[in-house]
Amino acid sequence: MAAEPLRKRAWYRARVDRTFQLPTCRLRAWRETDLASLVRHADDPRVAATVRDHFPSPYTREDGRRWLAHAAGLGLDTSLAIEVDGAAVGGVGMIAGEDVHRVRAEIGYWLGHAYWGRGIMTDAVRAYSEHLLFERGFLRLEAPVFAINPASARVLEKAGFERESVQRRAAIKAGVLMDVWLFVRLA
Ligand SMILES: CC(C)(COP(=O)(O)OP(=O)(O)OC[C@H]1O[C@@H](n2cnc3c(N)ncnc32)[C@H](O)[C@@H]1OP(=O)(O)O)[C@@H](O)C(=O)NCCC(=O)NCCS
């Protein structure tokens, strides 16, 4: 019940360009000038291996152009670039639930391999989640993780999520059938 007024507030908050300065990185809107860096870091089978197939692999300049055009049309905090040392080296974003599911959102994220293991995604997921929960007014965030991705599970745990369920044989990637861990964080 308490969510309704918050969601109305979210309507205008979401129109404001959001930037989050964090200890290890900055979250900010994608820009056209991110193309070269985006493609450099996204075109990597190590990144593609643990995300959905709609993340292209190989990741071409045309894929990058298409993504940046798409991101420009989204709500300003629906998808944010992760900037390190002035370059966009990853992304974090969400898909808002609709209709009766409008209280929840699913988040997703990726980071260029050169930057793994520095705590960057933990900072990014924690800050972005808290924005979605405490400023945008979502009551529940979900993050489905392939059971072959313990690093992502650890990121979510550090960012305040709990593993709620195991979805058995719920995804197939590169011909391999996998369980999916559903992580959630509640407001
Ligand atoms: C998963 C990913 C987001 C992690 O980002 P990151 O910035 O390296 O994460 P962090 O450095 O914040 O934290 C990683 C944690 O996982 C741990 N970890 C790394 N590899 C691990 C493994 N094989 N098993 C268990 N834990 C592991 C690290 O030790 C660290 O935990 P700690 O701080 O307790 O030591 C990044 O590897 C990535 O983008 N992968 C490809 C895309 C992807 O999987 N996206 C998520 C889809 S759900």
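The legends below describe close-up views of a predicted model.

**View 1. The shell around the ligand.**
The ligand is surrounded by 20 residues, and the closest are T50, M121, T122, P150 and A151. Three elements give two or more residues to this shell: β5 (104-111), α5 (120-134) and α6 (150-158). Helix α6 gives the most, with 5 residues. Sorted by class, the shell holds 12 nonpolar, 6 polar and 2 charged residues.

**View 2. P150 in helix α6.**
P150, one of the closest residues to the ligand, is part of helix α6. It counts as exposed because it has 11 C-beta neighbours inside 10 Å, and a residue is exposed if that count is 12 or fewer. R65 and P150 are 85 residues apart in sequence, and their C-alpha atoms are 31 Å apart in space.

**View 3. The open sheet.**
The sheet is open and has 8 strands with mixed pairing, in the order β1-β2-β3-β4-β5-β6-β8-β7. Strands β1 (20-21) and β7 (162-173) stand at the edges, and each has a single partner strand, so one side of each is left without a neighbour in the sheet. Within the order, β5 and β6 (residues 140-146) run parallel and are joined by 3 bridges. E106 has E142 in β6 as its bridge partner.

**View 4. The edge at β1.**
F20 is placed in strand β1. A hairpin through 4 residues joins β1 to β2, and the two strands pair in the antiparallel sense over 2 bridges. F20 stands opposite L27 in β2. Leaving out residues up to four places away in sequence, F20 touches R26, L27 and A127. F20 is partly exposed because 18 other C-beta atoms lie within 10 Å, while a buried residue has 20 or more. H131 is 111 residues from F20 along the chain, yet their C-alpha atoms are separated by 9.5 Å. On from β2, 4 bridges join this strand to β3, and the two run antiparallel. The bridge partner of R26 in β3 is E83.

**View 5. The edge at β7.**
Strand β7 is hardly covered, and the count of buried residues among its 12 residues is 0. It pairs with β8 in the antiparallel sense over 8 bridges. One partnership in this pair is that of V166 with W181 in β8. The hairpin of β7 and β8 has 2 residues between the strands, and in it A174 takes a positive phi near 50 degrees.

**View 6. Helix α5 across the sheet.**
Helix α5 lies across β1, β2 (26-29), β3 (79-84), β4 (87-96), β5, β6 and β8 (176-186). The helix runs at about 160 degrees to β5. It is also among the elements that give two or more residues to the shell around the ligand.

**View 7. The largest nonpolar core.**
This core has 37 residues, and those with the most contacts inside it are I82, V92, I107, A124, V125, Y128 and L156. Helix α5 supplies the largest share, 6 residues. For V125, the residues touched are V92, Y109, V155, L156 and A159, not counting those up to four places away in sequence.

Conventions. Residues are numbered from 1 along each chain as its sequence is written. This is a predicted model: local features need pLDDT of at least 70, side-chain atom pairs count only at pLDDT 80 or more; totals for chains, interfaces and linings use all residues. A residue is near a molecule or strand if its C-beta atom, placed from the backbone, lies within 6 Å of it. Ala, Val, Leu, Ile, Met, Phe, Trp, Tyr, Cys and Pro count as nonpolar, Asp, Glu, Lys and Arg as charged, and the others, Gly among them, as polar. Two strands pair if DSSP finds at least two bridges between them. Two residues are in contact if their C-beta atoms, placed from the backbone, lie within 7 Å. Axes are lines fitted to C-alpha atoms, for helices over the stretch in contact, and angles run from 0 to 180 degrees between N-to-C directions. A nonpolar core is a set of buried Ala, Val, Leu, Ile, Met, Phe, Trp, Tyr and Cys residues joined through C-beta atoms within 7 Å.
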